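I am opening a new page for this structure. My plan is to look up the ligand's surroundings, then the annotated binding site.

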Amino acid sequence: MKQAENLQEYLRNWAGGDDQRFAVETTINRLLEGTVAISEIASFGALAGDLSGEAGGTNEDGDTQKMFDVRAHEILMEACAKAPVAVVGSEEAAEVIEVDRTAPLAVVMDPLDGSSNIETNAPIGTIFSIYAVPPSDVSTLEDSVLQEGVNQLAAGYIIYGTQTSLVLTVGAGTQIFTLDHQAGEYVLIRRDVTIPHIAKEYAINASNHSFWDGSIQNYVQDCIMGYSDHKQKFNMRWIASLVAEAHRIFVRGGVFLYPGDSREGYQLGRLRLVYEANAMAFLMEQAGGSATDCVRRIMEIKPESLHQRTPLVMGSKANVMQVARYQNFQDDDRNQAPLFGTRGLFVSGRGNF
Ligand SMILES: O=P(O)(O)OC[C@H]1O[C@](O)(COP(=O)(O)O)[C@@H](O)[C@@H]1O
Ligand SMILES: [Mg+2]
Ligand SMILES: [Mg+2]
C-alpha cells in the first residue's frame with residue numbers, strides 16, 4: 001500500500017542521514033499498513049464477536065490477553081519482518097524478539113492499547129516507537145529497546161475511534177493524519193499540532209483516590225474545588241484508554257495522570273515506560289506539551305526492563321508542572337501551612353501558573 005503523499009512529505013523532514021531516513025520511513029510505512037488491517041478488524045471484526053474474547057493467557061504484566069491483543073501483535077510482527085528491524089519489544093511478548101540482527105532499527109510497541117475496552121466499543125489503539133540499534137560491540141539486542149526516550153527516532157499512535165487517526169512525530173513537530181479507509185491511506189489533517197499551554201480539563205481514574213499519596217489527593221481535590229474562588233472550574237474525563245486520553249489532549253489540551261498508588265503492584269502506576277509512556281512523551285513534547293513521572297521528564301528515565309511501569313503525567317505544560325509542584329506539598333504541609341488552609345494550592349497562589 002502506498003501512503004498518502006503528505007505523510008511521505010512529512011517524513012522528508014527527517015533530520016538524520018538518508019539511509020536512516022529511508023529505514024525509518026520503510027518501517028513506519030510497514031507498521032501503518034499493519035494498522036490499516038487492525039483498523040478493519042476494530043471496525044468490522046472484533047465487535048462481531050470473533051476477536052473480542054479472551055485468548056486464554058496473561059501477558060507479562062498479568063493482564064488478561066484478548067484474542068485481538070494477540071492478533072494485533074502478530075500483524076505488527078509481520079510488518080516488522082518486512083522492514084529493516086533488528087528487534088521488537090512488545091507488550092504481548094515476555095522477552096524482546098529478534099527479527100534480523102543485522103538490521104539498523106529497534107521497534108517497541110503496544111499492539112493494542114485499551115484492549116479491556118473492546119466490548120464496550122470505546123476507542124482502542126496502537127502505540128509504537130522506533131530507535132536506532134546501538135553498535136553491537138557495546139550492546140545486546142535487549143539494550144536496543146531499553147534506551148532513554150530522548151533517543152527515539154520516531155513515535156506514534158493510531159486510535160481506532162470514530163475515525164482511525166494517526167498521531168506521528170519524527171522529531172519535527174507532531175502531525176495528525178486520518179485514515180481514508182477507501183484509499184487505505186493516512187491523510188494529513190492537522191500539521192504541527194500545538195497543545196494549549198494551560199487547560200482546565202484533567203483525567204485520572206478517581207476510583208483509586210484512597211490509594212494515592214497526599215500530593216495527588218491534594219491536586220485532584222483542588223481541581224474538584226476549582227481555583228480563584230471557584231470561578232475557574234475544572235472538567236474531568238476518564239476513558240480508560242491511553243490513546244483516547246492523549247488524543248483529547250492533542251485536540252484541546254488538558255492533563256492526564258496515572259500516578260503510582262499503594263495497591264499491590266501499582267507503586268509505579270499502570271502504564272509502561274518503554275512502549276507506552278515514551279512514545280506519548282515524545283509526541284507531547286513535539287506539540288509543546290510535556291510528560292513526567294510526576295517529577296522527572298519521562299524521556300530521560302533509563303529503562304531497566306521491557307515491561308517496567310512508570311507513573312505518567314502528560315499534557316499541557318503548565319498543568320504538568322503544577323502537578324510536580326504539588327509533590328512538595330504533602331498532607332501535613334497542607335494542614336500546617338496557613339497558606340493552603342482548606343482552599344487549596346490553586347487559591348493560595350502558590351500553584352498558579
Ligand atoms: O483500568 P484503569 O486503571 O482505568 O487503567 C486504564 C489504562 O490502562 C490501559 O488500558 C493500559 O493499556 P493496555 O490495555 O495496553 O494494557 C491504558 O490504555 C489506560 O490508560
Ligand atoms: Mg496500553
Ligand atoms: Mg496493550
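**Around the ligand**

I began with ligand 1, whose shell takes at least three residues from domain 1 (5-190) and at least three from domain 2 (201-348). The domain bounds come from an automatic or database assignment.

I noted the ground rules next. This is a predicted model: local features need pLDDT of at least 70, side-chain atom pairs count only at pLDDT 80 or more, and totals for chains, interfaces and linings use all residues. Residues are numbered from 1 along each chain as its sequence is written, while chains are lettered from A and ligands numbered from 1 in the order written.

I listed the residues near ligand 1 (C-beta atom, placed from the backbone, within 6 Å of it). Among them are D63, E91, D110, N205 and R270. By class, the shell has two nonpolar, five polar and five charged residues. Here Asp, Glu, Lys and Arg count as charged; Ala, Val, Leu, Ile, Met, Phe, Trp, Tyr, Cys and Pro as nonpolar; the others, Gly among them, as polar.

**The annotated site**

I checked UniProt. Its unreviewed entry puts a "binding site" at E91, D110 and L112. They span 22 residues in sequence, yet no two of their C-alpha atoms are more than 8.7 Å apart, so they gather at one spot. Such annotations may be inferred rather than shown by experiment.

I found D110 in strand β5 (residues 105-113); strands are DSSP runs of E, at least two residues, numbered from the N terminus. L112 also sits in strand β5.

Buried or exposed, I asked of D110? D110 is buried, with 28 other C-beta atoms within 10 Å. L112 is buried too, with 32. The cut-off for buried is 20 or more other C-beta atoms within 10 Å, with C-beta atoms placed from the backbone; 12 or fewer is exposed.

Notes. Helices (H or I, at least four residues) and strands (E, at least two) are DSSP runs, numbered from the N terminus.
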